[in-house]
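This report looks at the interior of one protein chain and at a few residues in its loops. The sequence and the structure come next, and the discussion follows them.

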Amino acid sequence: MHLLSAMFLLLMLATMPCEALYPSPEEGWQIYSSDQDPDGKCLCTVVAPAQNMCSRDPRSRQLRQLMEKVQNITQSMEVLDLRTYRDLQYVRDTENLMKTVDGKLKIASDNPRTLNPKSFQELKDKMTQLLPLLPVLDQYKADAGMILRLRDEVRNLSLVLMAIQEEMGAYDYEELRQRVLLLETRLHSCMQKLGCGKLTGVSNPITVRASGSRFGSWMTDTMIPSSDNRVWSMDGYLKGRRVLEFRTMSDFKIGLNFVQHLLPHPWAGTGHVVYNGSLYYNKYQSNIVIKYHFRSRSVLVQRSLSGAGYNNTFPYSWGGSSDIDLMADENGLWAVYTTIPNAGNIVISRLDPQSLEVQQTWDTGFPKRSAGEAFMICSTLYVTNSHLAGAKIYFAYYTNTSSYEYTDIPFHNQYSHISMMDYNPRERVLYTWNNGHQVMYNVTLFQVIKTSDD
């Protein structure tokens, strides 16, 4: 993300003129005019940011490429050093043998009559023992060529570094990067102040990692605000108890720096959510919701979700004991499920995060077995029509007005079998578990932004 672009976006947030700005989705923060109301106020669309914006800076890419080349050269040097040491040791071990052969050849050269059949055979045997030296010498020749190539690569790296230095001029790149990060933080703060909006689009998938079985769930804390960067992974959908906690998203990507939590009760389904440092999940073979606190490693509260179906009574279309789906958005903690009196239609309940008591309930009228997955954004439930390839966001229920509409929001189901789909309001992205792949989607929300004259 370029510094001038970030500053320009901040200026737009402050003044909000009705001018259009249409950057590509990869550029991160996007704010652009879409319409005007009768009073002349600017109606704008805000697109949530793509991840790791600063990583797209051209100099960052160049430096990463340079680091990769340096790593490759380092590895080559290590291999070369190891091989040279090994071969040199072999030459040293055969030094006495070479001296013996050299002595016998000198004697035979000075006095050919001493070369009888027996001594000739001995000389021949000694020469045979020296034959393995030939490939060693050939390798030395090849290594000499490698050294020349490494020299050229180092020279090229020096030229590239000089070019980057000239391009940066008198500016300190680290200082610029810190300024961009500060602007990014301010933009994110502005985004949170903008409030909620209506989902109008989903980005292309971003595959974070491929791990685990076909079914599972992964998540970060959904509480706003939160400085918690931990990532949790729960493989499988039935009778699981092991939760892996990674320190950061970077650690999760490479599968390092994690601790394990062993839940006191097994889970059912994949509809788990982490909210304010606690894991909320459905207890196996029951309609009980459990709140497990990670830092104390203890169950703080558990409560039955009255009348809720469980054990594959009313799952999503893919099955997997997905009867009870817990989720969080900008307005709190929710449970999505169904009951027999509701005839298998999706029910939404807002839960008290502390006591797990139901605060309010809505009957959406949408059959849960016809839904692939569902998630909440800004008190609105969005439902997909399938968990397979070709799925789209097909239905929306607005709890604020107790109304619904059918939608047509496509998204790319890259790995063809989604078993978990949840929205994270802190990051404004969708988390999915797709056939053993952990995938993210950025979302586009339509919002009305008031100008400073309002």
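How many residues does the largest nonpolar core have, and which of them have the most contacts inside it? In this predicted model, the largest nonpolar core is made up of 20 residues, and those with the most contacts within it are L199, V202, F375, I377, I393, F411 and L430. At least two residues of this core come from each of the strands β3 (198-202), β17 (374-377), β19 (392-398), β21 and β23 (437-446), and β23 gives the most, with four residues. Another core, of 17 residues, lies apart from this one and includes V336, I348, W362 and F395.

I377 shows what surrounds one of the residues with the most contacts inside the largest core. When its neighbours within four places in sequence are left aside, I377 is in contact with L199, D329, E330, Y382, Y423 and L445.

**Cavities**

A search of the whole structure finds two cavities of 30 Å³ or more, and their volumes and linings are set side by side below.

| Cavity | Volume | Lining residues by class | Share from β21 |
|---|---|---|---|
| Largest | about 60 Å³ | six nonpolar, four polar, one charged | four residues |
| Second largest | about 50 Å³ | five nonpolar, four polar, three charged | four residues |

The largest cavity is lined by W218, M219, T220, T222, H272, V273, M420, D422, Y423, N424 and Y431. Both β5 (216-220) and β21 (418-424) supply at least two residues of this lining, and the largest share of it, four residues, comes from β21. Y423, which is part of this lining, is also among the residues in contact with I377.

The second largest cavity is lined by T270, G271, Y316, W318, S322, I324, D325, E373, S419, M420, M421 and D422. Here too the largest share of the lining comes from β21, which provides four residues. M420 and D422 appear in the lining of the largest cavity and again in that of the second largest cavity.

**Loop residues on either side of β21**

Two residues with positive phi values sit in loops that adjoin β21. S416 lies in the loop between β20 (403-410) and β21, and although S416 is not a glycine, its phi is positive, at about 70 degrees. R428 lies in the loop between β21 and β22 (429-434), and phi of R428, also a residue other than glycine, is near 55 degrees.

Are S416 and R428 buried or exposed? S416 counts as partly exposed because its relative accessibility is 35%, which falls between the limits of 20% and 50%. R428 has a relative accessible area of 2% and is therefore buried.

**N257 and its surroundings**

N257 is placed in the loop between α7 (249-254) and β8 (258-268), and at 46% relative accessibility N257 counts as partly exposed. Not counting residues up to four places away in sequence, N257 touches E245, F246, R247 and D251. One of these, R247, is ten residues from N257 in sequence, with 6.2 Å between the two C-alpha atoms. The side chains of N257 and D251 are joined by a polar contact of 3.1 Å.

Terms used
Residues numbered from 1 in each chain as written. Predicted model: local features only at pLDDT ≥ 70, side-chain atom pairs only at ≥ 80, totals over all residues. Heavy atoms only, no water. 1 Å grid on protein atoms, 1.4 Å probe; cavity = no way out; pocket = protein on both sides within 12 Å on 5 of 7 lines; lining within 4 Å. Points joined across faces, edges and corners; volume = space filled by probe spheres on them. Nonpolar A, V, L, I, M, F, W, Y, C, P; charged D, E, K, R; others polar. Buried < 20%, exposed > 50% of the residue type's maximum accessible area, 1.4 Å probe, protein only. Contact = heavy atoms within 4.5 Å. Polar contact = N/O pair within 3.5 Å; in protein donor to acceptor, adjacent residues only side chain to side chain. Core = buried A, V, L, I, M, F, W, Y, C linked by side-chain atoms within 4.5 Å.
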